[in-house]
Amino acid sequence: MLRTALATLHRDRNWWWKIPLGGMFALTIVGYPLAVGLVIESMDNTRRGYPTPLPPWRDWSTRYILGLFASLIDFVFFGFPLIIAGMLTFCVSLGSIVSSPEFNQALPLIIMGIGVLTGLFWLTLFFSSVAPVARLMYVNEGRIEDALGSAPLRRALDPRYRSDYFQARLLSLVAYIPAALLGLILVVLLQQSFAGDTLVMSLLAWLILSAILYAHLVAVQLYVAADRGIAQVHTG
(Lines give C-alpha, C1' and ligand atoms only; values in the text may rest on other atoms or scores of the structure.)
Protein backbone atom coordinates (compact mmCIF):
# COMPACT_ATOMS: atom_id res chain seq x y z
CA MET A 1 0.00 0.00 0.00
CA LEU A 2 2.78 2.45 0.88
CA ARG A 3 4.68 1.79 -2.34
CA THR A 4 1.50 2.27 -4.34
CA ALA A 5 0.70 5.51 -2.48
CA LEU A 6 4.18 6.91 -3.16
CA ALA A 7 4.07 5.85 -6.80
CA THR A 8 0.67 7.46 -7.25
CA LEU A 9 1.87 10.74 -5.80
CA HIS A 10 5.03 10.81 -7.91
CA ARG A 11 3.11 9.96 -11.06
CA ASP A 12 2.20 13.63 -11.20
CA ARG A 13 5.21 15.20 -12.91
CA ASN A 14 4.44 18.52 -11.24
CA TRP A 15 4.38 17.24 -7.66
CA TRP A 16 7.81 18.74 -7.00
CA TRP A 17 6.46 22.30 -7.24
CA LYS A 18 2.80 21.83 -6.26
CA ILE A 19 3.72 20.55 -2.80
CA PRO A 20 6.41 23.17 -2.02
CA LEU A 21 3.94 25.85 -3.14
CA GLY A 22 1.48 24.50 -0.58
CA GLY A 23 4.25 24.56 2.02
CA MET A 24 4.88 28.21 1.20
CA PHE A 25 1.21 29.02 1.74
CA ALA A 26 1.24 27.14 5.05
CA LEU A 27 4.29 29.15 6.12
CA THR A 28 2.25 32.36 5.94
CA ILE A 29 -0.26 30.90 8.49
CA VAL A 30 -3.07 32.83 6.78
CA GLY A 31 -2.59 30.64 3.72
CA TYR A 32 -2.53 27.41 5.75
CA PRO A 33 -6.12 26.46 4.73
CA LEU A 34 -5.01 26.50 1.08
CA ALA A 35 -2.48 23.76 1.82
CA VAL A 36 -5.05 21.74 3.75
CA GLY A 37 -7.56 22.31 0.96
CA LEU A 38 -5.13 20.66 -1.46
CA VAL A 39 -5.16 17.56 0.75
CA ILE A 40 -8.97 17.50 0.89
CA GLU A 41 -9.29 17.90 -2.90
CA SER A 42 -6.77 15.11 -3.42
CA MET A 43 -8.79 12.90 -1.08
CA ASP A 44 -11.99 13.66 -2.97
CA ASN A 45 -10.36 13.02 -6.36
CA THR A 46 -8.84 9.75 -5.14
CA ARG A 47 -12.20 8.63 -3.78
CA ARG A 48 -13.73 9.32 -7.19
CA GLY A 49 -11.05 7.25 -8.93
CA TYR A 50 -8.71 10.06 -10.03
CA PRO A 51 -5.76 9.88 -7.61
CA THR A 52 -3.37 11.52 -10.03
CA PRO A 53 -2.42 14.17 -10.96
CA LEU A 54 -2.62 16.30 -7.85
CA PRO A 55 -5.31 18.99 -7.98
CA PRO A 56 -4.12 22.09 -9.84
CA TRP A 57 -3.68 25.36 -8.01
CA ARG A 58 -6.89 27.10 -9.01
CA ASP A 59 -10.36 27.86 -7.64
CA TRP A 60 -8.71 29.45 -4.60
CA SER A 61 -11.87 30.42 -2.73
CA THR A 62 -13.36 26.90 -2.77
CA ARG A 63 -10.05 25.38 -1.72
CA TYR A 64 -9.71 27.87 1.11
CA ILE A 65 -13.17 27.03 2.47
CA LEU A 66 -12.47 23.29 2.25
CA GLY A 67 -9.21 23.87 4.07
CA LEU A 68 -10.91 25.86 6.80
CA PHE A 69 -13.40 23.08 7.48
CA ALA A 70 -10.64 20.44 7.50
CA SER A 71 -8.57 22.60 9.87
CA LEU A 72 -11.61 22.81 12.13
CA ILE A 73 -11.72 19.01 12.23
CA ASP A 74 -8.08 18.90 13.31
CA PHE A 75 -8.68 21.56 15.94
CA VAL A 76 -11.65 19.74 17.47
CA PHE A 77 -9.80 16.45 17.82
CA PHE A 78 -6.31 17.68 18.62
CA GLY A 79 -6.33 21.36 19.53
CA PHE A 80 -9.31 21.36 21.86
CA PRO A 81 -7.87 18.72 24.24
CA LEU A 82 -4.70 20.82 24.53
CA ILE A 83 -6.77 23.88 25.43
CA ILE A 84 -8.60 21.93 28.13
CA ALA A 85 -5.28 20.69 29.52
CA GLY A 86 -3.96 24.25 29.53
CA MET A 87 -7.02 25.50 31.39
CA LEU A 88 -6.70 22.71 33.98
CA THR A 89 -3.04 23.54 34.48
CA PHE A 90 -3.85 27.23 34.90
CA CYS A 91 -6.64 26.53 37.40
CA VAL A 92 -4.46 24.16 39.43
CA SER A 93 -1.60 26.67 39.44
CA LEU A 94 -3.96 29.47 40.46
CA GLY A 95 -5.41 27.34 43.24
CA SER A 96 -1.94 26.82 44.67
CA ILE A 97 -1.93 30.46 45.81
CA VAL A 98 -4.50 29.77 48.52
CA SER A 99 -3.63 26.13 49.14
CA SER A 100 -1.58 24.43 51.81
CA PRO A 101 2.20 23.97 51.55
CA GLU A 102 1.65 20.24 50.99
CA PHE A 103 -0.40 20.99 47.89
CA ASN A 104 2.26 23.37 46.60
CA GLN A 105 4.88 20.65 46.95
CA ALA A 106 2.71 18.25 44.96
CA LEU A 107 1.90 20.87 42.30
CA PRO A 108 4.73 19.89 39.89
CA LEU A 109 3.59 16.26 40.01
CA ILE A 110 -0.02 17.28 39.37
CA ILE A 111 0.96 19.40 36.38
CA MET A 112 3.15 16.58 35.08
CA GLY A 113 0.23 14.18 35.48
CA ILE A 114 -2.03 16.47 33.45
CA GLY A 115 0.62 16.64 30.75
CA VAL A 116 1.07 12.87 30.64
CA LEU A 117 -2.66 12.19 30.48
CA THR A 118 -3.10 14.79 27.75
CA GLY A 119 -0.23 13.29 25.78
CA LEU A 120 -1.64 9.78 26.08
CA PHE A 121 -5.08 11.00 25.03
CA TRP A 122 -3.56 12.85 22.07
CA LEU A 123 -1.58 9.78 20.99
CA THR A 124 -4.69 7.62 21.30
CA LEU A 125 -6.58 9.94 18.98
CA PHE A 126 -3.65 10.06 16.58
CA PHE A 127 -3.17 6.30 16.30
CA SER A 128 -6.91 5.66 16.18
CA SER A 129 -6.96 7.73 12.96
CA VAL A 130 -10.00 9.70 14.09
CA ALA A 131 -9.01 12.88 12.20
CA PRO A 132 -8.41 11.15 8.83
CA VAL A 133 -11.65 9.19 9.29
CA ALA A 134 -13.47 12.47 10.00
CA ARG A 135 -12.00 13.94 6.82
CA LEU A 136 -13.13 10.89 4.86
CA MET A 137 -16.64 11.27 6.25
CA TYR A 138 -16.64 14.95 5.35
CA VAL A 139 -15.48 14.23 1.79
CA ASN A 140 -17.86 11.29 1.32
CA GLU A 141 -20.97 12.89 2.81
CA GLY A 142 -20.25 16.63 2.69
CA ARG A 143 -21.65 17.16 6.20
CA ILE A 144 -19.15 18.95 8.40
CA GLU A 145 -21.41 18.61 11.45
CA ASP A 146 -21.16 14.80 11.27
CA ALA A 147 -17.39 14.97 10.85
CA LEU A 148 -17.13 17.10 14.00
CA GLY A 149 -19.30 14.80 16.11
CA SER A 150 -18.69 11.45 17.72
CA ALA A 151 -19.33 9.45 14.53
CA PRO A 152 -15.68 9.50 13.35
CA LEU A 153 -14.46 8.25 16.71
CA ARG A 154 -17.04 5.45 16.75
CA ARG A 155 -16.07 4.39 13.24
CA ALA A 156 -12.32 4.61 13.90
CA LEU A 157 -12.66 2.43 17.02
CA ASP A 158 -15.15 0.00 15.51
CA PRO A 159 -13.63 -3.52 15.78
CA ARG A 160 -14.57 -4.16 12.16
CA TYR A 161 -12.55 -1.22 10.84
CA ARG A 162 -9.90 -0.20 13.33
CA SER A 163 -7.22 -2.67 12.19
CA ASP A 164 -7.41 -1.31 8.62
CA TYR A 165 -7.18 2.29 9.80
CA PHE A 166 -4.41 1.44 12.25
CA GLN A 167 -2.40 -0.17 9.45
CA ALA A 168 -2.86 2.94 7.33
CA ARG A 169 -1.65 5.08 10.23
CA LEU A 170 1.46 2.95 10.78
CA LEU A 171 2.34 3.04 7.09
CA SER A 172 1.81 6.81 6.96
CA LEU A 173 4.44 7.29 9.66
CA VAL A 174 7.13 6.40 7.11
CA ALA A 175 6.10 9.39 5.00
CA TYR A 176 6.70 11.68 7.97
CA ILE A 177 10.37 10.68 8.33
CA PRO A 178 11.68 13.53 6.10
CA ALA A 179 9.69 16.08 8.12
CA ALA A 180 10.98 14.58 11.37
CA LEU A 181 14.60 14.75 10.18
CA LEU A 182 14.17 18.35 9.08
CA GLY A 183 12.59 19.14 12.44
CA LEU A 184 15.61 17.62 14.18
CA ILE A 185 17.91 19.81 12.09
CA LEU A 186 15.83 22.84 13.09
CA VAL A 187 16.16 21.98 16.78
CA VAL A 188 19.94 21.65 16.41
CA LEU A 189 20.25 24.95 14.54
CA LEU A 190 18.11 26.74 17.10
CA GLN A 191 20.74 25.85 19.68
CA GLN A 192 23.52 27.19 17.50
CA SER A 193 24.35 30.58 16.05
CA PHE A 194 22.03 29.92 13.10
CA ALA A 195 19.05 30.71 15.35
CA GLY A 196 19.45 34.38 14.53
CA ASP A 197 19.60 33.81 10.77
CA THR A 198 16.04 34.57 9.65
CA LEU A 199 16.61 33.41 6.08
CA VAL A 200 17.95 29.99 7.12
CA MET A 201 15.19 29.47 9.69
CA SER A 202 12.48 30.51 7.22
CA LEU A 203 13.87 28.21 4.53
CA LEU A 204 13.99 25.28 6.94
CA ALA A 205 10.46 25.97 8.21
CA TRP A 206 9.24 26.03 4.61
CA LEU A 207 10.90 22.68 3.90
CA ILE A 208 9.38 21.16 7.04
CA LEU A 209 5.87 22.31 6.15
CA SER A 210 6.32 21.05 2.59
CA ALA A 211 7.47 17.67 3.93
CA ILE A 212 4.44 17.51 6.23
CA LEU A 213 2.15 18.33 3.31
CA TYR A 214 3.84 15.58 1.30
CA ALA A 215 3.19 13.12 4.14
CA HIS A 216 -0.45 14.18 4.35
CA LEU A 217 -0.91 13.54 0.64
CA VAL A 218 0.65 10.09 0.99
CA ALA A 219 -1.68 9.43 3.93
CA VAL A 220 -4.62 10.39 1.72
CA GLN A 221 -3.83 7.50 -0.62
CA LEU A 222 -3.43 5.08 2.28
CA TYR A 223 -6.67 6.00 4.02
CA VAL A 224 -8.77 6.08 0.87
CA ALA A 225 -7.39 2.63 -0.01
CA ALA A 226 -8.20 1.40 3.50
CA ASP A 227 -11.70 2.85 3.33
CA ARG A 228 -12.26 1.30 -0.08
CA GLY A 229 -11.06 -2.08 1.18
CA ILE A 230 -13.41 -1.87 4.16
CA ALA A 231 -16.33 -1.06 1.88
CA GLN A 232 -15.55 -4.01 -0.41
CA VAL A 233 -15.30 -6.46 2.47
CA HIS A 234 -18.51 -5.40 4.19
CA THR A 235 -20.59 -5.02 1.04
CA GLY A 236 -19.27 -8.09 -0.70
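In this tour, two residues are in contact when they have heavy atoms within 4.5 Å of each other. Keep that cut-off in mind, since the contact lists at each stop rest on it. The model you have open is predicted.

**Stop 1: the whole protein**

Start with everything selected, in cartoon style. You should find 11 helices and zero strands, and reading along the sequence gives the pattern α-α-α-α-α-α-α-α-α-α-α. Align the view to the principal axes, and the C-alpha atoms fill a box of roughly 65 × 50 × 30 Å.

Now switch on a surface. The accessible surface comes to about 13,100 Å², and 70% of that belongs to carbon and sulfur atoms. Of the 236 residues in the protein, 39% are buried. If you like contact maps, here is something to look for: among contacts between residues at least 6 apart in sequence, 74% join residues at least 24 apart. Colouring by charge is worth a moment too, as the mean positions of the 16 positive and 13 negative charges are 9 Å apart.

**Stop 2: helix 3 and helix 6**

Select residues 32–47 for helix 3 and residues 130–141 for helix 6. The two pack at an angle of about 65°, with their axes 10 Å apart, and helix 3 passes helix 6 in a right-handed crossing.

Which residues of helix 3 and helix 6 meet? Show side chains for Val36, Val39, Ile40, Met43, Asp44 and Arg47 in helix 3, and then for Arg135, Leu136, Val139 and Asn140 in helix 6. Those are the residues that meet across the pair.

**Stop 3: isoleucine 40**

Stay in helix 3 and centre on isoleucine 40. Is isoleucine 40 buried or exposed? Its relative accessibility is 3%, so isoleucine 40 counts as buried, the cut-off being under 20%. Leaving aside neighbours within four places in sequence, isoleucine 40 is in contact with Leu66, Ala70, Arg135 and Val139. Arg135 and Val139 are among the helix 6 residues you displayed at the previous stop. For a distance to try in the viewer, pick the C-alpha atoms of isoleucine 40 and histidine 10: these residues are 30 apart along the chain and separated by 18 Å.

**Stop 4: serine 42**

Two places along in the numbering, select serine 42, also in helix 3. Serine 42 is buried as well, with a relative accessible area of 2%. Apart from neighbours within four places in sequence, the contacts of serine 42 are Leu54, Pro55, Leu217, Val220 and Gln221.

**Stop 5: helix 2 against helix 3**

Add residues 15–27, which form helix 2. Helix 2 and helix 3 pack at an angle of about 145°, and their axes are 6 Å apart. Here the crossing is left-handed. Show Lys18, Gly22, Phe25 and Ala26 on the helix 2 side, which meet Tyr32, Leu34, Ala35 and Leu38 in helix 3.

**Stop 6: the loop after helix 3**

Follow the chain out of helix 3 into the loop that leads to helix 4 (60–95), where you will find proline 53. Check omega on the peptide bond from threonine 52 to proline 53: the bond is cis, with omega near 0°.

Further along this loop between helix 3 and helix 4 is aspartate 59. Its phi is near 50°, a positive value in a residue other than glycine. Aspartate 59 is partly exposed, with a relative accessible area of 46%.

**Stop 7: serine 129**

For the last stop, select serine 129, in the loop between helix 5 (101–128) and helix 6. Phi of serine 129 is near 70°, again a positive value in a residue other than glycine. How accessible is serine 129, and what does that make it, buried or exposed? The relative accessibility is 0%, so serine 129 counts as buried.

To see what surrounds serine 129, display Ala156, Tyr165, Arg169 and Tyr223, which serine 129 touches when residues up to four places away in sequence are not counted. Finish by picking the C-alpha atoms of serine 129 and alanine 168, which are 39 residues apart in sequence and 8.5 Å apart in space.

Notes: Residues are numbered from 1 along each chain as its sequence is written. This is a predicted model: local features need pLDDT of at least 70, side-chain atom pairs count only at pLDDT 80 or more; totals for chains, interfaces and linings use all residues. Side-chain values use heavy atoms; hydrogens and water are left out. Helices (H or I, at least four residues) and strands (E, at least two) are DSSP runs, numbered from the N terminus. Buried means under 20% relative accessible area, exposed over 50%, partly exposed in between (1.4 Å probe, protein chains only). Accessible areas come from the Shrake-Rupley method with a 1.4 Å probe; for residues, only the protein chains shown count as cover. Lys and Arg count as positive and Asp and Glu as negative; His and the chain ends are not counted. The place of a charge is taken as NZ of Lys, CZ of Arg, CG of Asp or CD of Glu. Axes are lines fitted to C-alpha atoms, for helices over the stretch in contact, and angles run from 0 to 180 degrees between N-to-C directions. A crossing is left-handed if the near helix is turned anticlockwise from the far one by less than a right angle, and right-handed if clockwise.
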